[in-house]
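Here is a short walk through one protein chain, written for someone who likes to check geometry against coordinates. Keep the viewer open and follow along.

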Amino acid sequence: MSKNRITREEALAFHLEPTPGKWEVNATVPMTTQRDLSLAYSPGVAFPCEEIAAKPELAYDFTNKGNLVAVISNGTAVLGLGNLGALGSKPVMEGKSVLFKRFADVNSIDIELDTEDVDAICNAVKLMGPTFGGINLEDIKAPECFIIEQRLKEEMDIPVFHDDQHGTAVICAAGLINALHLSGKKIEDVKIVLNGAGAAGIACIELLKRMGARHENCIVCDTKGVIYQGRTEGMNQWKSAHAIKTELRSLEDAMNGADVFLGVSVKGAVTQDMVASMADNPVIFAMANPDPEITPEEAHEVRQDAIVATGRSDYPNQVNNVLGFPYLFRGALDIHARAINDEMKIACAEALAELAREDVPDEVAMAYGRKLTFGRDYIIPTPFDPRLIHRVPPAVARAGMDTGAARRPIIDMDAYELGLKTRMDPTASILRGINARARNAQARMIFAEGDDVRVLRAAVMYQRQGLGKALVVGREHDVREKLEAAGMGDAVRELEVVNAANTRHLDTYKQFLYDRLQRRGYDRHDIHRLAARDRHVFSALMLAHGHGDGMITGATRKSGHVMELINHVFDADASHGAVGVTALLHKGRIVLVADTLVHEWPDQEDLATIAERSADVARHLGIEPRVAFVSFSTFGYPRSERAEKMHLAPRVLERRGVDFEFEGEMTVDVALNPQAQAAYPFQRLSGPANILVVPARHSASISVKLMQEMAGATVIGPILSGIDASIQICSSNSTATDILNMAVMASCKVG
């Protein structure tokens with residue numbers, strides 16, 4: 001089975017839960033009091049209305065226009081699915097909106113227009129112009145897409161960008177810059193062959209010509225062969241613009257001696273013989289989706305010197321539009337651009353090419369499981385490179401300002417770049433790194449509660465997402481029935497179901513357990529009952545004997561009871577330094593709260609140990625720890641006997657000589673707010689705390705559940721730390737996704 005396989009059922013569930021669709025609208029201003037309502041609507045709203053009516057450019061100051069893009073389609077060319085109609089295209093357009101937000105913090109609304117009439121589409125989009133700072137056209141078939149884009153660019157005073165054309169062209173251009181650099185060739189000298197004269201293909205060749213490729217060196221082919229001067233069959237004005245005087249008539253003819261092949265056509269369009277006939281160090285961009293014109297393996301069989309790119313993520317050098325459109329619009333919006341012109345596209349391509357030639361940050365290499373170095377297999381940056389957001393938009397903005405496209409030029413470019421660096425959600429890269437390490441570990445994960453459908457769903461997702469092997473503890477017929485009832489009957493053959501009846505290791509498990517518990521009042525009968533009948537103990541025994549790499553449990557039983565059972569096999573109690581740490585993710589911040597699982601009422605020595613274990617978890621997540629011992633008092637005020645241990649715990653860490661920042665005791669607002677910290681110039685934290693050590697387990701539980709219910713924080717944990725095994729205990733109200741997240745954490749620890 002292929003890694004990262006996406007099933008129909010999984011995709012449908014993703015779009016259905018927790019709420020239908022992929023995005024929602026949230027207010028950015030308070031809306032709690034009558035005064036708030038009066039300011040947001042009547043009568044307060046009248047004042048910005050009057051200002052904008054008098055000076056229209058103030059709409060960028062008083063409304064969200066300056067950071068709002070419309071993703072517009074009529075569904076006539078949806079992915080590779082053809083004409084699905086306006087409504088059928090909505091999931092794709094919602095997805096595009098999510099990508100705008102995720103990669104460039106651009107707000108976006110998808111709009112599906114139920115018409116194929118060019119005039120109607122142009123009129124509709126033009127009439128909506130005052131609402132948006134930019135228009136992203138998507139999945140509109142050729143040649144209508146050319147007409148619609150051109151008319152809207154002429155008639156509107158905001159950027160209009162057809163991503164299917166220009167997004168592909170920009171990334172293609174970025175890759176070609178570096179491919180030619182490695183080949184020692186110049187764009188003005190190379191022979192370029194394009195196969196596929198649709199929207200993307202025409203845009204690619206036009207942009208390359210703007211960058212210096214010579215018209216006579218560019219051969220465009222379609223299903224009828226070479227587009228040459230005098231050809232009449234299957235022609236239109238956009239193809240005719242690229243017709244050249246030549247005797248070549250077929251793609252095979254054109255490929256002979258070519259330096260560059262660009263494919264936006266169909267699987268199998270290029271043969272190995274064609275590749276063999278190309279010039280030295282050929283560049284092959286086989287960008288057909290989902291399958292390229294020729295695979296990299298096939299190309300390299302006949303030409304080891306070839307540089308190959310595709311549109312697929314499972315091959316090196318992916319030509320991925322998400323490297324372009326979010327950052328093009330980010331730069332254009334930030335200068336209140338009238339348009340996205342060719343100079344801005346070229347600036348985007350050059351910035352991407354330059355970035356790929358630089359050293360790749362460790363976090364990116366970790367996310368991809370390998371060291372990425374500029375060369376034949378790395379000519380285009382990866383979509384998850386965190387530098388994209390502060391490198392590409394400034395280049396686009398400068399080009400827009402230099403060419404007169406900017407309404408409001410950026411004066412302080414250094415400040416602009418700094419603002420871009422801090423704009424994105426840091427938790428995204430943290431979670432991505434965790435998933436990448438888990439995928440690299442390929443852990444055999446034991447799912448202890450195979451009689452619960454949530455656990456089974458998580459196990460199936462774990463395996464289908466290529467994270468490793470799922471071992472489900474349960475009875476075969478129970479697992480089969482529950483999967484079939486959940487509509488996942490096809491997953492039965494994928495999972496390995498394990499139990500006491502089908503393992504040959506039961507006697508070994510029982511002897512191990514008897515040796516541990518014989519002096520604690522357990523006889524042989526008790527041991528058999530625990531090892532053979534209790535799934536938590538059986539799973540822990542599997543893990544202890546190396547028959548799995550990690551373990552997930554707790555979805556069906558209270559965590560305290562599960563901890564007691566695990567302690568039969570592992571030393572996982574407070575006396576052995578075990579700690580439970582819960583990660584809270586909210587509005588771009590991640591804060592760890594401890595101890596949420598093990599210590600009921602820790603003293604100062606316990607609190608110091610909790611801090612050390614929490615720091616280990618933070619570093620495992622890629623976070624440099626800053627610990628705050630929190631209480632209702634700050635540095636001795638108000639005085640209280642209950643706060644005394646929080647005051648003493650930092651002294652314990654001082655004595656132990658730990659290598660991370662810590663401070664306390666302090667209230668939560670001082671711990672998390674740098675402005676509040678400024679009132680205490682002697683305090684030692686260099687920024688907001690990311691680990692909160694709380695006085696007792698009950699206060700930890702209250703804090704976590706309050707953040708989850710009132711603020712909508714994402715909760716991961718508790719993460720069990722301080723034991724010699726990778727065990728994670730879910731809460732009994734966990735969803736399948738929650739359980740999967742805990743499995744990822746457990747797998748990440750293995751890695």
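## A helix pair and some local details

Helix α23 (residues 506-517) packs against helix α24 (residues 524-533) at an angle of about 125°, and their axes are 9 Å apart. Please keep in mind that this is a predicted model. Angles of 65 to 115 degrees count as roughly perpendicular and those over 145 as roughly antiparallel, and α23 and α24 are therefore oblique to each other. Their crossing is right-handed.

Which residues of α23 and α24 meet? On the α23 side they are Leu506, Lys510, Gln511, Leu513, Tyr514 and Leu517, and on the α24 side Arg524, Ile527, His528, Leu530, Ala531 and Ala532. Sorted by class, this contact of α23 with α24 has eight nonpolar residues, two polar ones and two charged ones.

### The annotated lysine and its domain

Now for what the record says. An unreviewed UniProt entry carries the annotation "active site", and it covers Lys96. The same residue can be found in the model in helix α6 (residues 90-104). Is Lys96 buried or exposed? Its relative accessible area is 7%, and the cut-off for buried is under 20%, so Lys96 counts as buried. Setting aside residues up to four places away in sequence, Lys96 touches Val71, Asn136, Glu138, Asp163 and Phe325.

UniProt, again in an unreviewed entry, also places the feature "domain: Malic enzyme N-terminal" at residues 20-153. In the model, this span is 44% helix and 12% strand, and its end C-alpha atoms lie 34 Å apart.

### Backbone geometry worth a look

Most residues other than glycine have a negative phi, and most peptide bonds are trans. With that in mind, here are some places to inspect.

| Site | Backbone feature | Value |
|---|---|---|
| Ser42 to Pro43 | cis peptide bond | omega near 10° |
| Asn289 to Pro290 | cis peptide bond | omega near 0° |
| Asp139 | positive phi, not glycine | phi near 50° |
| Asn281 | positive phi, not glycine | phi about 50° |

Where do these residues sit? Pro43 is in the loop between α2 (34-40) and α3 (46-54), while Pro290 is in the loop between β9 (283-286) and α14. Asp139 belongs to the loop between β3 (134-137) and α8 (144-155), and Asn281 to the loop between α13 (272-276) and β9.

The burial of the two positive-phi residues can be read from their accessibility. Asp139 has a relative accessibility of 4% and therefore counts as buried. Asn281 has a relative accessible area of 22%, so Asn281 is partly exposed.

### A few residues in their surroundings

Ala306 is a good next stop, in the loop between α14 (296-302) and β10 (307-310). With a relative accessible area of 3%, Ala306 is buried. Its contacts, not counting residues up to four places away in sequence, are Pro282, Ile284, His300 and Arg376. To put Ala306 on a wider map, Ser633 is 327 residues away in sequence and 66 Å away in space, C-alpha to C-alpha.

Thr28 is found in the loop between α1 (8-16) and α2. How does Thr28 count, as buried or exposed? The threshold for exposed is over 50%, and Thr28, at 79% relative accessibility, therefore counts as exposed. Thr28 and Asp507 are 479 residues apart in sequence, with 62 Å between their C-alpha atoms. Asp507 falls within the residue range of α23, 506-517.

Finally, Ala583 lies in strand β15 (residues 579-586). Its relative accessible area is 2%, so Ala583 is buried. Which residues is Ala583 in contact with, leaving aside its neighbours within four places in sequence? They are Ile590, Val591, Leu592, Thr714, Val715 and Ile716. The C-alpha atoms of Ala583 and Phe660 are separated by 18 Å, and these two residues are 77 apart along the chain.

How values were computed. Residues numbered from 1 in each chain as written. Predicted model: local features only at pLDDT ≥ 70, side-chain atom pairs only at ≥ 80, totals over all residues. Heavy atoms only, no water. Axes fitted to C-alpha atoms, helices over the stretch in contact; angles between N-to-C directions. Helix = DSSP H or I, 4+ residues; strand = E, 2+ residues; numbered from the N terminus. Parallel < 35°, antiparallel > 145°, perpendicular 65-115°, else oblique. Left-handed = near helix turned anticlockwise from the far one by under 90°. Contact = heavy atoms within 4.5 Å. Nonpolar A, V, L, I, M, F, W, Y, C, P; charged D, E, K, R; others polar. UniProt positions renumbered as here; feature names shortened; annotations may be inferred. Buried < 20%, exposed > 50% of the residue type's maximum accessible area, 1.4 Å probe, protein only.
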